[in-house]
Amino acid sequence: MALEFDHVTKTFALPTGQELTAVSDINFKVEKGEFVAVVGPSGCGKSTILSMTAGLYQPTSGIVRVSGEVVTKPNPHVGFMLQKDLLLPWRTIIKNVEFGLESRGVSKNERRDRAMAELERCHLKGFENHYPYQLSGGMRQRAALARTLAIDPDIILLDEPFSALDAQTKLLIQDSFAETIKEAGITTLLITHDLAESVIMSDRVLVLSERPGTVQREIEIGLPNREHPLARRQMKEIHDYANEIFTLLKLDRRAA
Amino acid sequence: MSQATTQKLVALTILALVLLVWQFLPPALGVPKFIIPTVTDMIGELGRMYRREDLIANTLSTAWYTLLGFAIGSALGAAIGYLLGLSEFWERVLSPYILALQIAPKVAFAPLFIMWFGYNATPKLLVTVLIVFFPVLVNVLAAMKTVDRDMVNLARAYSMTRWQIFKKVEFPSTLPNLMAGLRIASTLAVIGVTVGELVGGNTGLGFLISYGGGQANAAMVFNAIVLLTVIGILLYSVLVCAEERLLHYLPKKEH
């Protein structure tokens, strides 16, 4: 089991003295190598799930396990990526990819070798000595993925990594991410607002309810070609899945 | 002709015009030398100051204390800015006092320092340190508060220690603001030293100003002001060069 949420509830104390329950009684499991997407209405606690998996804070009740171990502190086996690439602007691309390895006692030469290998895998060979501002948005996200993969994580958490990209770049980067992730065989949790994205990229979609968020449905995506979202996008089944999620999220009623 | 060349040409023409007007207008209007000396008077006086008033030694003394006061003041300001930036508690406890001290006119402390430390270099150094200290501190502190939380979280997720997070994320993030603070501080450093020397000194360009003023030697005062400006410009230019090198990774603004 790569990731397990066992009756997880998270409550935040607000400065006003009130309490806010972000997620309530969340239960799900992610198998090794699986790609699971999490969708839900705004403010349903998607990012809370991510932060608890990364170990940035603990659940109020319940247990989060990564590779069978209870998460109690920032977990070195978890890599995460946000909408912002979070590349350090004062470092070259290769130094950015090495960033995550610097706190783990990896020697300088090995850091460089591993970073180069990841850059190659993410199709950024030749850009290692560029600074982030010299790269396009899509390339910067690929560099962020290379940095995430360089620490050899058991699981990676993607928090809307494509939402800041323009529509066409987004399609290409989704495809390149899917291929790289499949090839690396890494367990992935993708948090997204984009229903089509959740269907074309994943093995399974978790649909969360409104706050306090809880898993209201798990949908198996029984389609081939997970490593090629562009190809999957052509399939007509995609629309059925997206419609199902659309109905679950009651988006039509919110629009009214 | 390129635009840059035109700009330079116009700027130089303005300089030449100002110097010409300065040279010929006051005598034409019958303004005496001890009110507004002409450009040639000033150049002549510069020679006399070189021979009779230890101009080089006084200039170097002022430059040295400007640099020393700037270095000590900005090092202290940066250090305390970073310390307060790391501790929200102390920042909140101390911020009203910092604000009060920041508003208090630092040059007004000069007579006090002279009463305490006597007629030596300590008072002017202290005024300079004090005047340089705050802009650096305030800039660093503001920058520490606006470091991208997600970047800090990323470093935390990579299990970095508090010190590593500071060294690898927070410090470099605040570098642009630190440099801006230093630039402001460099212009103030000259003021600090000058006031210290004016109020109670027997060396430096500030002393030459008060000495020249006492003798109704306006040319001497003007010369000292020009040299003080040159010292300030030199310090400022060094900082701008350092900044361009350190912050080369920021995209250049296009005009």
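**Exercise 1. Find the partners of strand 3 of chain A.**

Start with strand 9 (residues 204-208) of chain A: strand 3 of chain A runs parallel to strand 9, and 4 bridges join them. Helices (H or I, at least four residues) and strands (E, at least two) are DSSP runs numbered from the N terminus, and strands pair if DSSP finds at least two bridges between them. This is a predicted model, where local features need pLDDT of at least 70, side-chain atom pairs count only at pLDDT 80 or more, and totals for chains, interfaces and linings use all residues. Residues are numbered from 1 along each chain as its sequence is written, while chains are lettered from A and ligands numbered from 1 in the order in which they are written.

Next, pick out a bridge: Val38(A) has Leu206(A) as its partner in strand 9 of chain A.

Now turn to strand 8 (residues 187-192) of chain A, which pairs with strand 3 in the parallel sense over 5 bridges. Here Phe35(A) sits opposite Thr188(A).

**Exercise 2. Work out which way the side chains of strand 3 of chain A point.**

First check the cover: 5 of the 5 residues in strand 3 (residues 35-39) are buried. Buried means 20 or more other C-beta atoms within 10 Å of the residue's own, with C-beta atoms placed from the backbone.

Then sort them: Phe35(A), Ala37(A) and Val39(A) point one way, Val36(A) and Val38(A) the other. In a regular strand the side chains alternate between the two faces of the sheet.

**Exercise 3. List what Leu157(A) touches.**

Skip its neighbours within four places in sequence; that leaves Leu50(A), Thr53(A), Ala54(A), Val78(A), Phe80(A) and Leu189(A) in contact with Leu157(A). Contact means C-beta atoms, placed from the backbone, within 7 Å.

Key
Contact = placed C-beta atoms within 7 Å. Buried ≥ 20, exposed ≤ 12 C-beta atoms within 10 Å, placed from the backbone.
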